[in-house]
Amino acid sequence: MGAGPYAARKPKGAAVQNNPHTTLITPKAPVAANTHGGRAKCLQRLVRLDMPVPRTVALSFDAVQRIAEGQVPDIAAILEQFDAEALLCVRPSSEDPDWGGPGAVLNIGMNDARYLDRSADMGADAAAALYLRFVQSYALHVARLDPDVFDDIETDGREGLSLSLRAYEDETDEVFPQDRGEQLIGVLRSMARAWDGTSARLLRQAKGAPADAGLGLVIQEMIPGVGQGECGSGVLQLIDPATGMPQITGRYLSQSQGRDALGEGVAALYLEKDERGPSLEDVAPEAFADLKANAALMREKLREEMQVEFVVQNGQVHILDGVRVPRGSRAGMRIAVRLAEDGIIPPQEAVMRIDPHSLNELLHRQVHPDAERDVLATAIAASPGAATGRIVFTAAEAQASAARGEPCILVRRETSPEDVRGMHASVAVLTEKGGITSHAAVIGRGLGLPCIVGASEMRFQTKKKLLNAPDGRVFKTGDILTIDGTSGQVLAGQPEMLEAALDDCFQTLMGWADAERDIAIRANADTPADAQTARNFQAEGIGLCRTEHMFFDPGRLTVMREMIFAQTPSGRAAVLERLLPMQRQDFVQLFRIMEGQPVCIRLFDPPLHEFLPTTRSGQRELAEALDLPVSDVERRVEAMSEYNPMLGLRGVRLGVTVPEIYDMQARAIFEATLVASKEGAPVVPEVMIPLVSAKREVELVKTRIDTVAAEVASEQGQEFDYRLGVMVETPRACLRANEIAPHSAFLSFGTNDLTQMTYGLSRDDAGRFMSAYVNLGVFNEDPFHVLDGDGVGELLKLGAERGREAQPDVTLSVCGEHGGNPESIAICRALGFDYVSCSPFRVPVARLSAAQLAISSKLGG
C-alpha cells in the first residue's frame, strides 16, 4: 500500500486548521460523525490507516447551515489547501450515509485554461468530456437551468462542449464562470440549500432521519487519472453485494491510451484475471494487490465490508472514499456473520446489526429486485413472501388445482374457517376485505402463505368469477397473477423470483440470538404441518393451538353439524363420540412432533353458526345428509344467527352452555397425552379456556375438565399431569385477573381480541380506514399490527400485576399475532412475561428481536 499524503506533505495554511467548522482532514483533526458527517469521519479513519487519500477539507453541519443562510466561508483559505491547478469535487456527508444527500459535483475548477492544459495531457476529447460533465452539472444544480436546455445537444467531445457552453450563456446571459473559487461557492451554496428543501427533508425523514438532521460537505482534490502508465478509476468490494459471499466485484474504467473499446482512450477492464478480456490484475498487478490490501484493511479496521472508490494514476492507487457496501437482507446477514466468525466483531454485535423485519425476505420467496413489476393494485401486506399462480375463486377450485399440480391463488371477498383447506391448497391468498389480523392474514402467516388483504380498489365479482383491476383489466379463473405479500402489490404475470435462503449462516446467527435472549418463543400451530414448521424454526413449544380448524375437514364437518342439530345433551355427546378418535389422533400427532415440548391447546372458540351453510344449496345438501326437511335446517340456521357473533355465544360461554364439546376435547387431549407419553418424552398438555371474563366461568369449566381427567386416569390405570389456564382476551379478565389467576396455571393474553374489544374496533373492517387514521396521527401505528402500549399495554400490565399478586408463579404470555412483532415483544419483556407465541414463520423474527432486547438491556440501552 502507498503511504498517505500526510507523511511528507504539510498543511499549507492555518486558517482552515484552526477553524472547527472548516477542517483539513488529518489524523488528529477534530472531525466527528455528529458534527461533520459519516463520510468525513470515514475519510479520517482511512487517513489514520495511512491510506493514499487525496487532500480533503470537511465542512461541518454548522458551516453548511450558514452557507444555506447566505454566509460564505473563507473560500481562499479552503483553496489554499489545494494545488492551484487541482480540480475539486464536493460530496455530501450526512451523519448516517443511508440518509443520502445532494448528488456529488465533480471537476470543479475546470475552465477554458484547464481544458487546454488537460487536452495536452489526455487528449482533447477526454478533456472535453471532463469539462462538459462539469458544465452541465453546474448548469442544472447551481444555475438551476431546466435539463431540456441540453436535450438538443446530441454530440459529445469538443462540439458537445461548445454547444453546452453556448446554451449556458444563452439561458443565463452570462459566460460560464472561469474562477475556481466562484465555481466552488456556487456548488457549496446549491448543495446546502438543496438539503434544506422540502422534498429532501421528507425523503430523509422517510429513511429515519430526524427533521433537523445536519449535512456536512467534503471538498476533495481530484486525481487526474491520466499519465504514461496505467490510469483509470473504479470501485471494488470483496464480496458479492447480492449474496454476501466472498468475491471481488466492482468495475474499473481504464483511461490509458490504446484501449478504445468505449471511445478514445477509455475502456472497461475486469478487476481480476478473466478469460473474457484484460483485467486490472493483468495490466497493473501491483496496483491491484494494493487495492485488495486496502480493502481488506478497511474491513478489519472499520469492522465492515466496504466499497472502495479509487483512482489509478500511473500505476499508483489513490483511495477517494470508502462506503458501506450496499446490500440486501441476504448479504447483510452473511456479512455480519462472517465478520463475527473472523473475530472482527463479537457475535452479539452481529445479532444487533440485523433488522428482525428483514428476516422475512430470507424465510420466503421474493420477487427478484431487478424484475419488472406490472402492478395492478397495492393493499395491506398481511403475510410476507411472493408466489405466482392461476387465480381461483373457491376453496374447492383450489383443492382441485392442487390435485392437478397447478399452483393457484385463492381470491375471496374475505375468508372464513371453511376456506382453510382451500388456503392449504393455494400458494397465495388475495381478499377484498380484512386487516392485518383478519382471518386470511392470521392463517396466511401461520401457513407461510403470501397474503394480501383489503384490496378494495379492485372489484371482486366472485359469483361471476371475475376480478377487475383499477386500470380496467379483467382477470378470470385460470389467469396468472403474482401476490407479493411483502410489499402488498398485486402483480400481473410471472416475474422472476428469488428463493428463500435458510442456510448455515442463518442457523449460526439464530444460535447466537438464542444464547442471548431471556424470553421464550413459542409458535401458534393448529395442524401437524404447522407444528413441524414450528420445530424447524426451533420454537420452544406451541403457545396456541386453535382446535376449531380441525373440525372443518369435510369428513368431520357433517358430524359437527349433526351435533349442532342434536336436541339433548345426551344426543350431542353421542355424536361427539364419533369425533373423539379424530381429535385424539390430531393431538397425538402434535405431541409427537413437539417431542415433549409444551403444547397449549385452546378449547373450542368460534360460534357454532360458522359451521352451518349460509347458501340455499348448502342448506339443501345438509338437509339431505341429516335426513331432515329443508325447513328444519333453515329454522335452525336462523335460530342460531347472531347480530354480533364475535361477542355472542362463543368461547367459554359455549363451553358453559354446551359443555359436551369441552368434555370431548378434554378426553381427546388426555387420552392423546397417555398415548404419546408411552412412545417418547412425557407430555404435559396445557388446556386453555378462551374468552373468559369471570371467575365463575373458570370454576365451572375447570370442574368438568378435572372430572374428565380423573375418568381417563382411572380407565387407563395411569396418572398424568396437565395444566389448565385461561386465554385473557377481554378487558374484564385483565381487570379481574386477581380473581381468575388462583384457578389458573397460566394467563395467556390473546391480544387480537383484546385489542378489538379495547378499541371497539373490528379487526376485519379496520383495514378500510386504518391507513387514513395512521396518516392523520389518530394512531401512531395500526394497533392490530403493533401492540398499543398505552391502552392495551396498560391492560396487560394490570392483568400481569394482579394475576401475579394473587398467584406469584402463574405463567404469563401473549399468544396473539403481536407475539411476532419486535415492538410488541419489547412491551411483553418489560412486563416480565415468560414467553410470546406467534405464527411459525414469525418465530425467527421473534427470536432475533428478543435477543436484541436482551443485549440492549445489558448495554444499558
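Which residues make a nonpolar surface patch of about 380 Å²? Select Phe 769, Tyr 773, Leu 776 and Val 778 to display the patch. The model in the viewer is a predicted one.

**The surface patch**

Stay with Leu 776, which sits in the loop between α31 (770-775) and α32 (792-806). Its relative accessible area is 68%, so Leu 776 counts as exposed.

**The barrel**

Next, select strands β24 to β31. Eight strands form a closed barrel in the order β24-β25-β26-β27-β28-β29-β30-β31, and the pairing is parallel. From one strand to the next, the twist averages 25°. Strands of a sheet pair through backbone hydrogen bonds, either parallel or antiparallel.

For one pair in detail, show β25 (residues 542-546) and β26 (residues 599-602). These two strands run parallel and are joined by three bridges. Pick Cys 545 and look across to β26, where its bridge partner is Ile 601.

**The cysteines**

Keep Cys 545 selected. Is Cys 545 buried or exposed? Its relative accessibility is 0%, so Cys 545 counts as buried. The closest cysteine sulfur belongs to Cys 600, and because the distance is 8.9 Å, it is too far for a bond. A disulfide is a covalent bond between the sulfur atoms of two cysteines.

How many disulfides does the structure hold? The count is zero. Cys 89 is another cysteine to select: it is in no disulfide, and the nearest cysteine sulfur, in Cys 42, is 14 Å away. Cys 89 has 3% relative accessibility and therefore counts as buried.

**Helix α3**

Cys 42 leads to the next stop, since it is one of the buried residues of α3. Select residues 38-48 to show this helix, which is mostly covered, with eight of its 11 residues buried. The buried residues are Gly 38, Ala 40, Lys 41, Cys 42, Leu 43, Gln 44, Leu 46 and Val 47. Move on to Asp 50, just after α3, which takes a positive phi of about 60°.

**Strands β15 and β16**

Finish at strand β16 (residues 428-431). Show its side chains: Ala 428 and Leu 430 point one way, while Val 429 and Thr 431 point the other way. All four of these residues are buried. Now add strand β15 (residues 408-412), which runs parallel to β16 and is joined to it by four bridges. To see one partnership, select Arg 412 together with Thr 431, its bridge partner in β16.

How values were computed
Residues are numbered from 1 along each chain as its sequence is written. This is a predicted model: local features need pLDDT of at least 70, side-chain atom pairs count only at pLDDT 80 or more; totals for chains, interfaces and linings use all residues. Side-chain values use heavy atoms; hydrogens and water are left out. Patches are made of residues with over 30% relative accessible area and no salt bridge: like charges are joined within 9 Å, nonpolar side chains (Val, Leu, Ile, Met, Phe, Trp, Tyr) within 5 Å. Accessible areas come from the Shrake-Rupley method with a 1.4 Å probe; for residues, only the protein chains shown count as cover. A salt bridge is a side-chain nitrogen of Lys or Arg within 4 Å of a carboxyl oxygen of Asp or Glu. Buried means under 20% relative accessible area, exposed over 50%, partly exposed in between (1.4 Å probe, protein chains only). A disulfide is a pair of cysteine sulfur atoms within 2.5 Å. Two strands pair if DSSP finds at least two bridges between them. Axes are lines fitted to C-alpha atoms, for helices over the stretch in contact, and angles run from 0 to 180 degrees between N-to-C directions.
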